[in-house]
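Please examine the sequence and the three-dimensional structure shown here before reading on. The explanation is meant to be followed with both in view.

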Amino acid sequence: PAGSPLIKDIDRVLEAGERAASLVKQILAFSRQDSIERVPLELVPLIKQAIKLLRPALPTTISIHQHLPDACDAILADPTQMHQVLMNLCTNAFHAMEQNGGTLSIEVRSRELQIADLLDRPQVQPGRFVELVISDTGTGIAPEIRSKIFDPYFTTKGVGKGTGMGLAITHGIVTAAGGFITCASEMGKGTTFTIYFPAVTTTMSHTA
């Protein structure tokens, strides 16, 4: 009934359910390599929404630090896929800090990348990018497995905690959007994933 204190909780459940259904659709589309319709998208509002959904699921021993600008360049992307990228990376960060707690940091900023910045990425054109940084203060990723983390079905998590598809799907989404992702990690100190998305320009097609 109207005025019930449960209304907000139920609305959140419905929103999460609709988002989950949409994510399943996107996973199936990705696995079939269907074309995804991308639109100009601002990441900051999407991140704020994802944090609202994520915060109740995290223990109080994990804090979330946001470094989000009031305004940032738009990117050409699918909103549901971007939400999936955020949830995949944040969930991994949570698992890395599950035992001892820590800090999940999310940062967005605009960057100009020159040819010299992209020498090892010849498929990426220089220009203006939106940089998304997600870091944790968790257990870190061992050097010997760092090259495998984007491989499908590779996981170090226990039964029931992961399929090994999260980072593979994330990598695929980012690459298909014209961007790239890097990982830096130190055992016992944490992990940082940095994603670069090409910023929308007036010469970019909205149907790319």
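The paragraphs below lead from the overall arrangement to the core, then to the surface of the first helix, and finally to the salt bridges.

The structure is a predicted model. Its protein chain contains four helices and seven strands. Read from the N terminus, these elements follow the order α-β-α-β-β-α-β-β-α-β-β. The protein chain has 208 residues, and 40% of them count as buried.

The interior is a suitable place to begin. The largest nonpolar core comprises 41 residues, and those with the most contacts inside it are Leu43, Ile47, Met82, Leu104 and Leu132. Two or more residues are given to this core by each of the elements α2 (43-54), β2 (62-67), β3 (75-77), α3 (79-97), β4 (102-113), β5 (127-136), α4 (166-176) and β7 (190-198). Among these contributors, α3 gives the most, with eight residues.

Helix α3 also holds His83. Is this histidine, His83, buried or exposed? His83 counts as buried because its relative accessibility is 2%, and the limit for a buried residue is under 20%. In sequence His83 stands 40 residues from Leu43, while the C-alpha atoms of the two are 9.3 Å apart in space. Leu43 has already been named as one of the core residues with the most contacts.

Another contributor to the core is α4, which spans residues 166-176. The buried residues of α4 are Leu167, Ala168, Ile169, Thr170, Gly172, Ile173 and Val174. After α4 comes Gly178, which has a positive phi near 90°.

Attention now turns to helix α1, which covers residues 7-31. Ile10 is placed in this helix, α1. Together with Leu6 and Leu14, Ile10 makes a nonpolar surface patch of about 290 Å². The relative accessible area of Ile10 is 45%, so this residue is partly exposed.

A patch of another kind involves Glu15, which also lies in helix α1. Asp9, Asp11, Glu15 and Glu18 form a negative surface patch. Why does Glu15 count as partly exposed? The reason is its relative accessibility of 33%, since partly exposed residues fall between the limits of 20% and 50%.

Ala16 is a further residue of helix α1. With a relative accessible area of 34%, Ala16 is partly exposed. Ala16 and Leu53 are 37 residues apart along the chain, and their C-alpha atoms are separated by 7.5 Å.

The last topic is charge pairing. Side chains of opposite charge can pair when their charged atoms come close. With a cut-off of 4 Å between a side-chain nitrogen of Lys or Arg and a carboxyl oxygen of Asp or Glu, the count comes to six salt bridges.

Which residues are linked in a network of salt bridges? Glu107, Arg109, Arg111 and Glu131 form this network. Within the network, Glu107 pairs with Arg109, and their closest N and O atoms are 2.6 Å apart. Glu107 is partly exposed, at 25% relative accessibility, and Arg109 is likewise partly exposed, at 33%.

Arg111 and Glu131 meet through their side chains in a salt bridge of 3.0 Å, N to O. Because Glu131 lies in strand β5 and Arg111 in strand β4, this pair ties together parts that are 20 residues apart in sequence. Glu131 counts as buried, with 2% relative accessibility, whereas Arg111, with a relative accessible area of 28%, is partly exposed.

A salt bridge is also found between the side chains of Glu112 and Arg128, at 3.4 Å from N to O. Here Glu112 belongs to strand β4 and Arg128 to strand β5, so the pair ties together parts that are 16 residues apart in sequence. Glu112 is partly exposed at 42% relative accessibility, and Arg128 is partly exposed at 37%.

Strands β4 and β5 thus appear in two settings. Each gives two or more residues to the largest nonpolar core. The side chains of Glu131 in β5 and Arg111 in β4 are paired, as are those of Glu112 in β4 and Arg128 in β5.

How values were computed
Residues are numbered from 1 along each chain as its sequence is written. This is a predicted model: local features need pLDDT of at least 70, side-chain atom pairs count only at pLDDT 80 or more; totals for chains, interfaces and linings use all residues. Side-chain values use heavy atoms; hydrogens and water are left out. Patches are made of residues with over 30% relative accessible area and no salt bridge: like charges are joined within 9 Å, nonpolar side chains (Val, Leu, Ile, Met, Phe, Trp, Tyr) within 5 Å. Accessible areas come from the Shrake-Rupley method with a 1.4 Å probe; for residues, only the protein chains shown count as cover. Lys and Arg count as positive and Asp and Glu as negative; His and the chain ends are not counted. The place of a charge is taken as NZ of Lys, CZ of Arg, CG of Asp or CD of Glu. Buried means under 20% relative accessible area, exposed over 50%, partly exposed in between (1.4 Å probe, protein chains only). A nonpolar core is a set of buried Ala, Val, Leu, Ile, Met, Phe, Trp, Tyr and Cys residues joined through side-chain atoms within 4.5 Å.
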